[in-house]
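Thanks for asking me to look over this one with you. Please have the sequence and the 3D view open side by side while you read.

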Amino acid sequence: MITIKNISKSFGKNEIIKGVDLEIKKGEVVVILGPSGSGKTTFLRCLNFLERADDGELTISDKKVHFKKASSKDILEIRRKTAMVFQQYDLFLHRTAIENIMEGLVIARKVSKAAAYNKGLELLEKVGLKGKEDSYPHQLSGGQQQRVGIARALALNPEVILFDEPTSALDPELVGETLEVIKKVAEEGVTMVIVTHEMSFAYDIADRIIFMEDGVIVEQGTPKEVFEQTKEERTKQFLARFAYER
């Protein structure tokens with residue numbers, strides 16, 4: 001479903017992503033792990049042109065673009081196939097929970113307000129926020145705000161959802177509720193690419209784990225292969241820091 005070829009990205013003289021290739025199947029959940037500065041978040045952001053890669057090609061379903069040459073129309077088409085869930089929620093603070101979900105449907109997809117409202121109610125219930133439709137972000141906990149962000153992403157019916165460390169801004173006691181929602185979405189067969197530092201969550205949810213460092217993929221495989229049958233010494237060192245117990 002998704003093919004990435006030779007993606008490269010530098011900031012000045014600092015090469016962040018170094019010619020990475022990756023294929024992702026429809027319905028696959030791919031989790032990217034790696035230390036700070038490994039390039040994992042930049043890689044994710046390049047997939048929907050929040051950052052423009054310097055080189056390489058991206059294909060999502062039937063749409064193929066060259067990162068460097070992509071036109072505004074190309075970028076819009078890619079963004080219509082993807083949705084992003086951010087670390088800091090990125091909700092509109094002056095809009096209610098349901099208005100945040102409706103925004104993309106009404107503005108970008110030209111859905112009627114009535115239909116968008118009904119879809120918003122359905123999705124709020126799905127993420128465990130029934131009755132919170134008229135709440136503003138400041139009236140919601142961090143975990144609730146993140147679940148609104150997930151509902152907003154689902155509303156667009158994207159071909160792939162990109163998660164950029166979706167629990168990193170949450171208090172520890174709020175992490176679990178957000179992870180449970182993501183797991184439920186994954187069980188429905190939604191294609192996902194998730195950057196996270198939650199090791200146990202990664203093990204449980206991923207079809208494939210990718211370990212990145214210094215802008216390259218060091219190792220990849222099933223959770224069992226990466227966590228329990230690690231081939232690369234650098235991956236072993238990284239995972240050992242988390243004292244992972246299964």
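Here are my notes as numbered points, from the whole chain down to single residues.

1. **What we are looking at.** Please keep in mind that this is a predicted model. The protein chain holds nine helices and ten strands. The UniProt record, an unreviewed entry, places the feature "domain: ABC transporter" at residues 2-239. Over residues 2-239, helix makes up 39% and strand 26% of the chain, while the C-alpha atoms at the two ends lie 27 Å apart.

2. **Overall dimensions.** For 246 residues, a compact globule would be expected to have a radius of gyration near 18 Å, and the value for the protein chain is 18 Å, so the two agree. Along the principal axes, the C-alpha atoms fill a box of roughly 55 × 45 × 30 Å.

3. **Cover and surface.** Of the 246 residues, 52% count as buried. The chain exposes about 11800 Å², and carbon and sulfur atoms supply 46% of that area. If we take contacts between residues at least 6 apart in sequence, 62% of them join residues at least 24 apart.

4. **The six-stranded sheet.** Follow this open sheet in the order β6-β7-β8-β3-β9-β10, and you will find mixed pairing. β6 (82-85) and β10 (216-221) are the edge strands; each has a single partner strand, so one side of each is left without a neighbour in the sheet. From one strand to the next, the twist averages 20°. Helix α5 packs on this sheet and touches β6 and β7 (160-164), with its direction at about 175° to that of β6.

5. **Strand β3, within that sheet.** What are the two strands that pair with β3 in the parallel sense? One is β8 (residues 192-195), joined to β3 over four bridges; another is β9 (residues 208-213), also parallel and also over four bridges. Val31 is a handy residue to click on: its bridge partner in β8 is Ile194, and in β9 Val31 stands opposite Ile209.

6. **How covered is β3?** Five of the five residues in β3 (residues 29-33) are buried. Val29, Val31 and Leu33 point one way from the strand, Val30 and Ile32 point the other way, and all are buried. Helix α6 (residues 172-187) lies across β3, β7 and β8, and runs at about 155° to β8.

7. **The four-stranded sheet.** The second sheet to look at is open, has the order β2-β1-β4-β5, and pairs in the antiparallel sense. Its edges are β2 (14-24) and β5 (63-66), each with a single partner strand, so one side of each has no neighbour in the sheet. Neighbouring strands here are turned by 15° against each other on average, direction ignored. Strand β1 (residues 2-11) and strand β4 (residues 55-60) run antiparallel and are joined by five bridges, and Thr3 stands opposite Thr59 in β4. Helix α2 (residues 72-81) lies across β4 and β5, at about 130° to β5.

8. **Packing of α3.** Which residues of α3 are buried? They are Ala97, Ile98, Asn100, Ile101, Met102 and Leu105. The buried residues of this helix pack against α4 and α5 (142-155). As background, an α-helix has 3.6 residues a turn, so residues three or four places apart point the same way.

9. **Asn48, a loop residue.** Asn48 sits in the loop between α1 (40-46) and β4. Is Asn48 buried or exposed? With a relative accessibility of 7%, under the 20% cut-off, Asn48 counts as buried. Leaving aside residues up to four places away in sequence, Asn48 touches Ile78, Arg79, Thr82, Met84 and Leu162.

10. **Two partly exposed residues.** Ser112 is in the loop between α3 (97-107) and α4 (113-126), and its relative accessible area of 43% makes Ser112 partly exposed. Ser112 and Asn157 are 45 residues apart along the chain, with 16 Å between their C-alpha atoms. Glu228 belongs to helix α8 (residues 223-228) and is partly exposed, at a relative accessible area of 40%. Between Glu228 and Leu239, eleven residues apart in sequence, the C-alpha to C-alpha distance is 9.9 Å.

Note on methods:
Residues are numbered from 1 along each chain as its sequence is written. This is a predicted model: local features need pLDDT of at least 70, side-chain atom pairs count only at pLDDT 80 or more; totals for chains, interfaces and linings use all residues. Side-chain values use heavy atoms; hydrogens and water are left out. UniProt positions are given in the numbering used here, feature names are shortened, and annotations may be inferred rather than shown by experiment. Buried means under 20% relative accessible area, exposed over 50%, partly exposed in between (1.4 Å probe, protein chains only). Two strands pair if DSSP finds at least two bridges between them. Axes are lines fitted to C-alpha atoms, for helices over the stretch in contact, and angles run from 0 to 180 degrees between N-to-C directions. Contact means heavy atoms within 4.5 Å. The radius of gyration is taken over C-alpha atoms; the globule rule is 2.2 Å times the number of residues to the power 0.38. Accessible areas come from the Shrake-Rupley method with a 1.4 Å probe; for residues, only the protein chains shown count as cover.
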